[in-house]
Structures are given as structure tokens and as C-alpha cells.
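Biologist: Could you walk me through this model and show me how each label is earned? I would like to see the values set against the definitions.

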Amino acid sequence: MSSNWQSHPPYSNTKKDDDLIKYHASCYCGLIQYVIYDEFPVDSTYCHCHGCQILQGAPYQWACIFPKTSLYFTSGLDSLEFYNNSENTQNHILPCKVRCKQCSSPLADEGRRMWLAFPQTFKEFRTSETIREKLKPSCHIFYGQRTILEFYNNSENTQNHILPCKVRCKQCSSPLADEGRPMWLAFPQTCKEFRTSETIREKLKPSCHIFYGQRTILGNFLKDDGLPKFEAHKNKSKQILDE
């Protein structure tokens with residue numbers, strides 16, 4: 001167990017000249033912020049394993065792999081939280097998940113020498129097609145465990161039970177659902193039956209895309225899926241036509 005994790009990279013790294021910064025990353029609430037000095041990742045992958053699906057609350061995880069020596073944390077070290085799923089512990093045991101203690105945003109998977117960053121946390125990722133191209137995955141891994149699609153939401157920066165809110169496990173921080181006032185928005189990847197039955201997946205199939213203008217991955221599998229795409233909420237906002 002690494003009890004003195006702050007004395008090792010990436011947490012102990014020295015600040016470099018601001019002109020060398022290529023990416024600015026942060027959690028959802030902004031408490032944790034760090035920069036990356038390398039322009040290109042060592043590799044980038046889509047991971048479809050069941051562990052990533054449940055811990056991310058998403059059908060797959062997109063990770064860009066950088067050496068831990070290429071990072072510098074500008075704020076929020078005290079707000080970091082870790083989770084090692086093989087030992088089911090929040091101790092800093094590598095490899096582990098790294099997230100924000102306040103908003104519980106997943107920030108990265110930390111390996112022994114590498115940092116598997118989530119590009120959606122990069123400010124530049126949302127504003128530049130050129131950047132997205134540089135971070136584009138080279139392959140899919142654990143593809144046999146793949147599922148289907150994806151979604152997301154938030155408002156008051158608090159862990160109090162104020163509806164609507166996110167619901168997660170206190171131990172592993174797995175996203176379980178979005179809780180609304182009369183409705184429970186469950187994540188189908190958490191259902192055992194979802195992974196074993198095509199019939200069940202068909203019953204749970206989405207009817208549309210919402211907030212489609214804010215999407216990240218622009219792959220053809222979204223363009224050609226035949227579902228209506230809305231600018232915001234379903235049937236209450238402008239429909240976006242595929243190009």
C-alpha cells in the first residue's frame with residue numbers, strides 16, 4: 001500500500017513553463033485541476049470490460065495513456081480519492097481508479113508508470129476537432145464484453161440528497177442511477193440480465209439521443225443508428241439532423 005502517494009509521480013512532479021502545457025484537465029466541480037505537458041498519448045483505447053462499464057456508469061471507457069511524469073497538479077490534491085477494485089479498498093494501491101472526493105468525477109486510472117486520462121475531462125477536447133484527432137483511440141479492448149450506448153446530468157455542488165441527484169456506491173463510487181422526483185434513471189450496464197440477454201437489451205433500447213449537440217465521440221455508429229437526436233430534452237427542443 002502506498003500511504004505516501006503524494007511523494008511520488010504524478011503528485012510530486014515539478015511545475016514546468018506554462019508554454020509547455022498541452023492539456024488542462026479537471027473534475028466536474030473544478031476542485032481538482034491538472035495539466036499535461038505531452039502533446040500525444042503513448043496510446044489511446046476504448047475499454048469495454050464489465051468493470052469499466054460499472055465503475056464509469058457508461059458502455060465503455062475512453063482512456064488516453066500518458067507517462068505519470070508528464071503531469072502536474074495545479075489544485076485539489078487533498079480532494080483526490082482512490083479505489084482499487086481487485087481488493088475493494090479505497091487505499092492507494094496501484095493500479096487504481098482516481099476520482100474527486102466532492103463530485104466523484106472519474107479522473108483517470110493510475111497505473112505503476114502510466115496515467116490513463118479520460119479525454120472528456122480536458123478543456124481542449126471539447127473545443128477542438130484537431131485535439132480530438134490527436135487523442136483518437138487506436139483500438140477497442142475487451143470488445144467481447146461490449147454493450148451498446150450512453151448518457152449524463154448535474155446542478156448544486158453538494159453531496160446532500162437534493163433532487164434531482166446522482167446516486168452512487170460510497171465504497172467504489174460506481175454510478176448507479178440519476179434520481180429524479182418521480183423517476184429513477186437506472187444505468188442498464190449495472191443490471192446482470194443486460195450483459196447476458198439480447199432480448200433484455202432490446203427491451204431497454206434508447207428511443208432517442210438528447211443534448212446531442214454536446215456529444216463527444218463523433219463516430220458513424222451514432223450518425224447511422226436511426227434514432228432522433230435532440231438539442232436538449234426529448235420533444236422539448238430542436239431536433240438535430242445528421243449531416
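Modeller: Let's begin with S104, whose relative accessible area is 10%. Before we judge that value, note that this is a predicted model, in which local features need pLDDT of at least 70, side-chain atom pairs count only at pLDDT 80 or more, and totals for chains, interfaces and linings use all residues. Residues are numbered from 1 along each chain as its sequence is written, and side-chain values use heavy atoms, with hydrogens and water left out.

Biologist: Why is S104 called buried?

Modeller: Buried means under 20% relative accessible area, exposed means over 50%, and partly exposed lies in between (1.4 Å probe, protein chains only). S104 has 10%, so the label is buried.

Biologist: And what makes F211 partly exposed?

Modeller: F211 has a relative accessibility of 30%, so it counts as partly exposed. F211 lies in the loop between α4 (198–203) and α5 (220–223). Helices (H or I, at least four residues) and strands (E, at least two) are DSSP runs, numbered from the N terminus.

Biologist: What is special about phi in S104?

Modeller: Phi of S104 is near 65 degrees, a positive value in a residue other than glycine. S104 sits in the loop between β7 and β8, a hairpin with five residues between the strands. F211 is also a residue other than glycine with a positive phi, near 50 degrees.

Biologist: How do you know that β7 and β8 pair?

Modeller: Two strands pair if DSSP finds at least two bridges between them. β7 and β8 have four, in the antiparallel sense. The bridge partner of R99 is P106 in β8. β6 and β7 are also antiparallel, with four bridges, and F82 stands opposite V98 in β7.

Biologist: What makes β7 mostly covered?

Modeller: Five of the five residues in β7 are buried. C96, V98 and C100 point one way, while K97 and R99 point the other way. In a regular strand the side chains alternate between the two faces of the sheet.

Biologist: Which strands make up the open sheet, and in what order?

Modeller: Seven strands form it, in the order β6-β7-β8-β9-β4-β3-β10, with mixed pairing. β6 (80–83) and β10 (139–141) are at the edges: each has a single partner strand, so one side of each has no neighbour in the sheet. From one strand to the next, the twist averages 30 degrees. For such angles, axes are lines fitted to C-alpha atoms, for helices over the stretch in contact, and angles run from 0 to 180 degrees between N-to-C directions.

Biologist: How do you know that β3 and β10 pair?

Modeller: Three bridges join these parallel strands. One pair there is Y46 with H140 in β10.

Biologist: Is W62 buried or exposed?

Modeller: W62 is at 6% relative accessibility, so it counts as buried. W62 belongs to strand β4. W62 and S44 are 18 residues apart in sequence, and 7.3 Å apart in space, C-alpha to C-alpha.

Biologist: How many disulfides does the structure hold?

Modeller: Zero. A disulfide is a pair of cysteine sulfur atoms within 2.5 Å. Among the cysteines, C64 is buried at 0% relative accessible area, and C165 also counts as buried, at 15%.

Biologist: What can you say about the volume of the second largest pocket?

Modeller: The volume is about 420 Å³. Of the 21 residues that line this pocket, P95, C96, K97, D109 and L116 are the closest to its centre. A pocket is an open set of points on a 1 Å grid over the protein atoms alone, where a 1.4 Å probe fits, with protein on both sides within 12 Å along at least five of seven lines; lining residues have an atom within 4 Å of a point. Grid points are joined across faces, edges and corners, and the volume is the space filled by probe spheres set on the points.

Biologist: Which element gives the most to the lining of that pocket?

Modeller: α1 does, with three residues. By class, the lining has 10 nonpolar, seven polar and four charged residues. Ala, Val, Leu, Ile, Met, Phe, Trp, Tyr, Cys and Pro count as nonpolar, Asp, Glu, Lys and Arg as charged, and the others, Gly among them, as polar.

Biologist: Where does P95 lie, and what is the peptide bond before it?

Modeller: P95 lies in the loop between β6 and β7. The bond from L94 to P95 is cis, with omega near -5 degrees. Another cis peptide bond joins P9 and P10, with omega about 5 degrees, and P10 is in the segment before β1 (23–26).
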